Amino acid sequence: GAGAPLALEDPAVTSTGAGSPSLVLRPGALVPGAAYAFELRVQPVLRSGRPGPEDAWAEASGAFRVNAPPEGGRVGVEPATGVALRTRFVARAEGWRDEDLPLTYALSYRLARPPAVAKGTGAGSGREGRSTLFQEAGPSPEGRTLLAAGDYVVTARVSDALGATARADASGTVRVVVPPKGVSGADVARVLAEATEAAGPGARASEVSTLCSALASALNAGEAPDSRSARRQMLQLLDRSADADDDAVSATAPPAGGDAKAAVKAAEGKRRDSVAGRAAALGEVTAR
């Protein structure tokens, strides 16, 4: 449908106003999916400074439709409950539609409520509401992650080829509990081994960050035996995966016949996701 008329003199709508040779609209001024028509009228000015006759004016117009984000989808998580650092949770974005393909998917979680059983500083200290990315933007709608104890909300971020983005939360929270006898040293060693593998050849930076974040959260909450050597190893793994990921992003090239600008934009988005994931993990690892 047609968008609502724009108040071009409103500084919240445009930074240039209606009387400038150029028109610059503020982000969010246009309604996604709406159609707009713009008209330009150029008025001559006489040497005396007075406006010229109306029949000397020039006019031009154009119309376009604003790109709308993907729609119609949802995000699901299985299982709905699990055990800290043991259960592998699988999230999947399903049913998303858009004319501008391909779609890319990013998955994250945020702590809605820390576990009541947490010891020490508590698993949720300072983390409630903060998103942790466990799958960077890419073509796969599915991601897997381990979690420390607590109640979590999983979110999908779905973008079309032009960059329009939709976000959706999974219905309900994911509940993660501490094992009856607590997280064991064997659990810690297993997660470190998985992170080490992920930081190897063809490093999967987001997986390294997610594993380190979950493990450090459990250590911080007193759910697992703390270890300086484990924290030191996580810092080394994060550093190693960062170097490999930067090299991979820098080497990104558009496919044959592909859009170079789109490839660069996708690479920049991937780098931002990687940096955000590492920053969250480093915050957890260095919390003590």
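**Figure 1. Four helices and eleven strands make up the chain's secondary structure.** Helices (H or I, at least four residues) and strands (E, at least two) are DSSP runs, numbered from the N terminus. What you're looking at is a predicted model, where local features need pLDDT of at least 70, side-chain atom pairs count only at pLDDT 80 or more, and totals for chains, interfaces and linings use all residues. Residues are numbered from 1 along each chain as its sequence is written, and side-chain values use heavy atoms, with hydrogens and water left out. Of the 288 residues in the chain, 40% are buried; buried means under 20% relative accessible area, exposed over 50%, and partly exposed in between (1.4 Å probe, protein chains only). The accessible surface adds up to about 15600 Å², with 54% of that belonging to carbon and sulfur atoms (Shrake-Rupley method, 1.4 Å probe; for residues, only the protein chains shown count as cover). Among contacts with a separation of 6 or more, 68% come from residues 24 or more positions apart, where contact means heavy atoms within 4.5 Å.

**Figure 2. Close-up of helix α2, residues 205-220.** This helix has 16 residues and reaches 22 Å from its first C-alpha to its last, close to the 22 Å expected at 1.5 Å a residue. The expected span is 1.5 Å times one less than the number of residues in the helix. There's plenty of cover here: 15 of the 16 residues of α2 are buried. Just past the end of α2, Gly222 takes a positive phi of about 75 degrees.

**Figure 3. The largest cavity, at about 40 Å³.** Rolling a probe the size of a water molecule over the atoms shows where empty space is left. On a 1 Å grid over the protein atoms alone, a cavity is a set of points where a 1.4 Å probe fits but cannot get out, while a pocket is an open set with protein on both sides within 12 Å along at least five of seven lines; lining residues have an atom within 4 Å of a point. Grid points are joined across faces, edges and corners, and a volume is the space filled by probe spheres set on the points. By this rule, the count is one cavity of 30 Å³ or more. Its lining residues are Val77, Phe89, Val90, Ala91, Phe134, Gly143, Thr145, Leu147 and Val154. Two elements, β5 (89-94) and β8 (142-145), each give two or more residues to that lining, and β5 gives the most, with three. By class, the lining has seven nonpolar, two polar and no charged residues. Here Ala, Val, Leu, Ile, Met, Phe, Trp, Tyr, Cys and Pro count as nonpolar, Asp, Glu, Lys and Arg as charged, and the others, Gly among them, as polar.

**Figure 4. The second largest pocket, with about 430 Å³ of space.** The pocket has 16 lining residues, and the closest to its centre are Ala18, Ser20, Glu39, Leu40 and Arg41. Sorted by class, that lining has ten nonpolar, four polar and two charged residues.

**Figure 5. Ser61 on strand β2 (residues 58-65).** Ser61 counts as exposed because its relative accessible area is 64%. Setting aside neighbours within four places in sequence, Ser61 is in contact with Phe38 and Glu39. Ser61 and Leu40 are 21 residues apart in sequence, yet 6.0 Å apart in space, C-alpha to C-alpha.

**Figure 6. Two arginines of strand β6: Arg110 and Arg113.** Arg110 is partly exposed, since its relative accessible area is 25%. The C-alpha atoms of Arg110 and Asp151 are separated by 8.6 Å, with their positions 41 residues apart along the chain. Arg113, in the stretch 104-113, is partly exposed too, at 45% relative accessibility. Not counting residues up to four places away in sequence, Arg113 touches Gly150, Asp151 and Arg175. Arg113 and Arg175 are 62 residues apart along the chain, and their C-alpha atoms are separated by 9.4 Å.

**Figure 7. Backbone oddities at Pro79, Leu85 and Pro102.** Most residues other than glycine have a negative phi, and most peptide bonds are trans. The Glu78 to Pro79 peptide bond is cis, with omega near -10 degrees, and Pro79 sits in the loop between β3 (74-78) and β4 (81-83). The bond from Leu101 to Pro102 is also cis, with omega near 5 degrees; Pro102 is in the loop between β5 and β6. In the loop between β4 and β5 you'll find Leu85, a residue other than glycine with a positive phi, near 60 degrees. Leu85 counts as buried because its relative accessibility is 0%.
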